[in-house]
Protein chains: 2
Amino acid sequence: MTERFSGNVLRPIDGPEAKRPTMGEIGLNNFAPYLMNRVIARWNASLADDLKALDITTAKMRALAILSITPSVTINELSVFAVTEQSTMSRTLDSLEDQGFIRRQPRPDDMRVRDVTITAEGRAAFESLWPTMYDDFLKMFQGIDEEEYRTFVAVLHRILQNIRLHEV
Amino acid sequence: MTERFSGNVLRPIDGPEAKRPTMGEIGLNNFAPYLMNRVIARWNASLADDLKALDITTAKMRALAILSITPSVTINELSVFAVTEQSTMSRTLDSLEDQGFIRRQPRPDDMRVRDVTITAEGRAAFESLWPTMYDDFLKMFQGIDEEEYRTFVAVLHRILQNIRLHEV
């Protein structure tokens, strides 16, 4: 399963009769969605372990990470950015509010919307876990140079654009 | 949140005193694990929808995909490759066996291990869903050229190596 596929993985489809390469021709190891699933599952599991040692959940870390770099967001936006179900995010915010890490306030011009902001304590909490997270990230990308990293990130951005465009 | 980080995201750590860039300096949109989580969640959700229309689950699809290109694997290997919990994979295989898509046989030299193989019917089932999957994949990578794709895949391979090496 480790050979490289010599043909074009992304062969364009010219019409209903165009030939698609088979999964076997491409090979699992050239099929990016498979590799991404493997990588991200491992990253998430390993980070969750490390965060557990710091007594914080992945959902809390993600909420604090996003809030630490945005002035304010809604619960809906937060659950999209954090890739976390809205019900889970809602419970997570309850707990973060109890800990004094975030504040929720009704928006003055639309009382149905509540804006979430981070407190100084929340910011400090994120700063205390960031070194763990960043060092895991560095280990993950060890041996990859900045240019490869930029291409990697550019491809991910393009995919996110395609997803919005085509509603994949 | 869309600006590019001008510095080095992967700045090496020279020692405990070395300065790490902050999450805010890097920006969510330059932080690959965040982007990968967004992308893969969307890919999985959208593929699951399309597979539902073909009356098959993601776990079944993944098992058939892997089995269609390997002579035989154990349940343990299958659950790793398919990024699926072993208990879920076990139930998935029960159901695939009932459908006549796979066979499980004790290994002659070690009766505790059961090898899983795909049947002709299972192969046909995977072939019937592959066009849907491949076309979703093409849409996802639209506008990305083969060279970028190869770099992208090479980075993913390197990460998988790093994960094994460092037990991230």
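**View 1. Two copies, one turn apart.** In this predicted model, chain A lands on chain B after a rotation of 180 degrees, with 0.0 Å of shift along the axis and an RMSD of 0.0 Å. The two copies are thus related as by a two-fold rotation axis. Which residue of chain A has its C-alpha nearest that axis? That's Phe152(A), at 2.6 Å. Both copies put the same surface to use, since 100% of the contact residues of chain A turn up again in chain B.

**View 2. Where the chains meet.** Chain A and chain B each bring 57 residues to the contact. On the chain A side, α1 (23-26), α2 (32-53), α3 (58-67), α6 (120-140) and α7 (146-166) each chip in with at least two residues. Helix α7(A) gives the largest share of that side, 14 residues. By residue type, the side of chain A that touches chain B splits into 35 nonpolar, 13 polar and nine charged.

**View 3. A look into the core.** The largest nonpolar core counts 82 residues. Ala63(A), Leu64(A), Ala63(B) and Leu64(B) have the most contacts inside it. Zoom in on Leu64(B): leaving aside residues up to four places away in sequence, what does this leucine touch? Its partners are Phe101(B), Ile118(B), Gly122(B), Ala125(B) and Phe126(B). As a rule, nonpolar side chains in soluble globular proteins tend to be buried together.

**View 4. The sheet of chain B, with a helix packed on it.** Here three strands make an open sheet, ordered β1-β3-β2, with antiparallel pairing. The edges belong to β1 (73-74) and β2 (102-107) of chain B; each has a single partner strand, so one side of each is left without a neighbour in the sheet. Six bridges join β2(B) to β3 (residues 110-118) of chain B in the antiparallel sense. Follow that pairing to Gln105(B) and you'll find Asp115(B) of β3(B) standing opposite. Helix α5 (residues 86-98) of chain B packs on the sheet, where this helix touches β2 and β3 of chain B. The direction of α5 makes about 115 degrees with that of β2(B).

**View 5. Chain A from end to end.** Seven helices and three strands make up the secondary-structure elements of chain A. Trace the chain along its sequence and the pattern reads α-α-α-β-α-α-β-β-α-α. How much of chain A counts as buried? The figure is 32% of its 168 residues. Take the contacts in chain A between residues at least 6 apart in sequence: 47% of them join residues at least 24 apart.

Methods:
Residues numbered from 1 in each chain as written. Chains lettered and ligands numbered in written order. Predicted model: local features only at pLDDT ≥ 70, side-chain atom pairs only at ≥ 80, totals over all residues. Core = buried A, V, L, I, M, F, W, Y, C linked by C-beta atoms within 7 Å. Buried ≥ 20, exposed ≤ 12 C-beta atoms within 10 Å, placed from the backbone. Contact = placed C-beta atoms within 7 Å. Helix = DSSP H or I, 4+ residues; strand = E, 2+ residues; numbered from the N terminus. Nonpolar A, V, L, I, M, F, W, Y, C, P; charged D, E, K, R; others polar. Pairing = 2+ DSSP bridges. Axes fitted to C-alpha atoms, helices over the stretch in contact; angles between N-to-C directions. Least-squares fit on C-alpha atoms with pLDDT ≥ 70 in both.
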